[in-house]
Amino acid sequence: MFKKKLSFWFILLMIISAIVASSNIAVSQSLPSFRMQLTNGNFFSENDLPHDKPVIIIYFAPDCEHCQALIHSVLKRIHDFKKVPILLVTFNPMQEVAKFEKEYQTSRYSNIIVGTEIPVFFFRAYFNIDNTPFTALFDKKRKLVISYKKETPVEDLVKHLRIL
């Protein structure tokens, strides 16, 4: 009888752990201190962000089809994001970032900042990212509200922004 109860609790614990691990809701993680280089040669860090607004970080690869689809979806709904800084951060070389910026005309939007992380794979390690795109929404206090390790449903992201 004792072994059956122990097995039951062990299985229940494993199921709960799996649910928490696959959940999109993050547990009290803060915006990291970061640095990225922009295509104009300047550097950008968390200190350059406004302190009274939420922040979206999208970790992407310029040649990733899923990333391109996400950026396209965000740009289609840019009016929903106009007051929120959006950091498009990649590990790719500056040449690829510049090509991406030109193709998606991100410089037209004052709230979109595109660059290469320094050091390479900093965000990947900080957020334990396995695939791109990865999206994280932080509130005004720089606390993680939600993150998406797979596809980012833009409508869901907008919904979370509206309640912040």
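## A pocket and a seven-stranded sheet

Let's start with a pocket: the second largest one is lined by Asp52, Lys53, Pro54, His79, Asp80, Lys82, Lys83, Val84, Lys140, Val158, Leu161 and Arg162. Keep in mind that you are looking at a predicted model. This pocket has a volume of about 210 Å³. Sort its lining residues by character and you get seven charged, four nonpolar and one polar. Two elements, α3 (78–81) and α6, each give two or more residues to this lining. Helix α6 gives the most, with three residues.

Now for the sheet. In what order do the seven strands lie in the open sheet? Reading across, the order is β2-β1-β5-β4-β3-β6-β7, and the pairing is mixed. At the edges stand β2 (43–45) and β7 (144–148); each has a single partner strand, so one side of each is left without a neighbour in the sheet. On average, neighbouring strands here are turned by 30° against each other, direction ignored.

What holds such strands side by side? Strands of a sheet pair through backbone hydrogen bonds, either parallel or antiparallel. Here are three of the pairings, each with one pair of residues or the strand sense to look for:

| Strand pair | Sense | Bridges |
|---|---|---|
| β4 and β5 | parallel | five |
| β1 and β2 | antiparallel | three |
| β1 and β5 | antiparallel | three |

To find these pairings on screen, try a few residues that face each other. Leucine 87 stands opposite isoleucine 113 in β5. Arginine 35 stands opposite serine 45 in β2, while glutamine 37 is across from threonine 116 in β5.

Strand β1 (residues 35–38) is worth a second look. Which of its residues sit on the covered face, and which on the uncovered one? Met36 and Leu38 make up the covered face, whereas Arg35 and Gln37 are on the uncovered one. Together with β2, strand β1 also forms a hairpin, with four residues between the two strands. In that turn, glycine 41 has a positive phi of about 95°.

Back to strands β4 (residues 86–90) and β5 (residues 112–117), joined by five bridges. Helix α2 (residues 65–76) packs on the sheet and touches both of them, along with β3 (55–59) and β6 (134–138). The direction of α2 makes about 150° with that of β3. Helix α6 (residues 154–162) packs on the sheet too, touching β3, β6 and β7. Its direction makes about 180° with that of β7. And that brings us back to the start: α6 is the helix that gives three residues to the pocket lining.

Technical notes. Residues are numbered from 1 along each chain as its sequence is written. This is a predicted model: local features need pLDDT of at least 70, side-chain atom pairs count only at pLDDT 80 or more; totals for chains, interfaces and linings use all residues. Side-chain values use heavy atoms; hydrogens and water are left out. Two strands pair if DSSP finds at least two bridges between them. Axes are lines fitted to C-alpha atoms, for helices over the stretch in contact, and angles run from 0 to 180 degrees between N-to-C directions. Contact means heavy atoms within 4.5 Å. Buried means under 20% relative accessible area, exposed over 50%, partly exposed in between (1.4 Å probe, protein chains only). On a 1 Å grid over the protein atoms alone, a cavity is a set of points where a 1.4 Å probe fits but cannot get out, and a pocket is an open set with protein on both sides within 12 Å along at least five of seven lines; lining residues have an atom within 4 Å of a point. Grid points are joined across faces, edges and corners, and a volume is the space filled by probe spheres set on the points. Ala, Val, Leu, Ile, Met, Phe, Trp, Tyr, Cys and Pro count as nonpolar, Asp, Glu, Lys and Arg as charged, and the others, Gly among them, as polar.
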